[in-house]
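Trainee: I have a model open and some questions about it. Can we go through them one at a time?

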Amino acid sequence: MATDSKPLLELEGVRLTFGKEEVLKGVDLHIAPRERLIVLGQSGGGKSTLLRLILGILKPSGGSVRFKGLEVGRMGRRRLNKMRQKIGMVFQNSALVSSLNVRDNLALPLEELTDKPRNEIDDLIMHKLEMVGMQDARDKMPAELSGGMRKRIALARGIIMDPELILYDEPSAGLDPVTSTLIDQLIISLSEKIGATSIVVTHEMDSAFRIATRMAMLYKGRIIAEDKPEAFRHHSNPVVAQFISGNTEGPLNEDLPENRT
Ligand SMILES: Nc1ncnc2c1ncn2[C@@H]1O[C@H](COP(=O)(O)OP(=O)(O)OP(=O)(O)O)[C@@H](O)[C@H]1O
């Protein structure tokens, strides 16, 4: 029990500047094992940037990102590779390599980050394809699959190494409502099956409420609210309340290009 209550991931005072733009101004966030945390925020607010900091693709300009107690920004290549074996990533638009078939797309992270033999890689791929109901797609090219099928393959690739943490960037973007619900259910069941923690960036509020065990709102470079989903439905913070409702009147309007001075 004691280890389970320790955060898997700790972000403290994380700042990130691109040129003159300070995108993150001090993000504090602790993520406990097995949580499914939804990160909400406006377009261009820095959500994808946050995921890239967690993966160690970007280094913070200030503050710290710790995965299992280790500072990600200070890891060398070997440590980073080791950590990335424990983190699965499901990108926006699935991000499959169009010139590779499903089998080879799923093999990529295993070949890049491990020295597993081919037969072991093939067994793992079949097992993960079965978990997402896509065992018949092994030899198909991405172009032969629908958006929902490609998303299932992206999920299979995200869990290929039984990660402890899975990062999802807009997992249901561009999918029809039914496919989107099925993908949300799969996200929940897969993370429960492998005992993973999930961080999901999304703008789709129905998906967010279906998936979340906790929610956080990123606004103007900081986390301005974090709470259980029920609390987010009727939040006292006017920014959160407007974001959730999609109301066209409220404090978020100050940030619209036409209202900037
Ligand atoms: N590599 C980069 N170099 C310079 N600026 C960048 C870079 N990556 C992101 N940015 C800028 O940082 C800001 C945050 O981008 P980010 O993609 O993290 O936002 P987001 O919240 O994920 O947006 P969306 O919801 O639209 O995907 C944007 O202004 C973007 O232009």
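Mentor: Start with a definition: a residue is near a molecule if its C-beta atom, placed from the backbone, lies within 6 Å of it. Keep in mind that this is a predicted model.

Trainee: Which helix gives the largest share of the shell around the ligand?

Mentor: The residues around the ligand are F18, V23, G41, S43, G44, G45, G46, K47, S48 and T49. By class they divide into two nonpolar, seven polar and one charged. Three residues come from one helix, spanning 47–54, and that is the largest share. The helix is α2.

Trainee: Is strand β8 buried or exposed?

Mentor: In a regular strand, side chains alternate between the two faces of the sheet. Here T197, I199 and V201 point one way from β8, while S198 and V200 point the other way. Five of the five residues are buried, so β8 is largely enclosed by the rest of the structure. The answer is buried.

Trainee: What is the handedness of the β-α-β crossover from β7 to β8?

Mentor: Strands β7 and β8 pair in the parallel sense over five bridges. I166 stands opposite S198 in β8. Between the two strands the chain passes through helix α7, residues 177–194. The crossover is right-handed.

Trainee: Which residue of β8 is the bridge partner of I38?

Mentor: Strand β3 covers residues 36–41. Its pairing with β8 is parallel, over four bridges. The partner of I38 is V200.

Trainee: What are the edge strands of the open sheet of four strands?

Mentor: The order is β2-β1-β4-β5, with antiparallel pairing. Each edge strand pairs on one side only. They are β2 and β5.

Methods
Residues are numbered from 1 along each chain as its sequence is written. This is a predicted model: local features need pLDDT of at least 70, side-chain atom pairs count only at pLDDT 80 or more; totals for chains, interfaces and linings use all residues. Ala, Val, Leu, Ile, Met, Phe, Trp, Tyr, Cys and Pro count as nonpolar, Asp, Glu, Lys and Arg as charged, and the others, Gly among them, as polar. Two strands pair if DSSP finds at least two bridges between them. A residue is buried if 20 or more other C-beta atoms lie within 10 Å of its own, exposed if 12 or fewer, and partly exposed in between; C-beta atoms are placed from the backbone. A crossover is right-handed if, with the strands pointing away from the viewer, the path from the first strand over the helix to the second runs clockwise.
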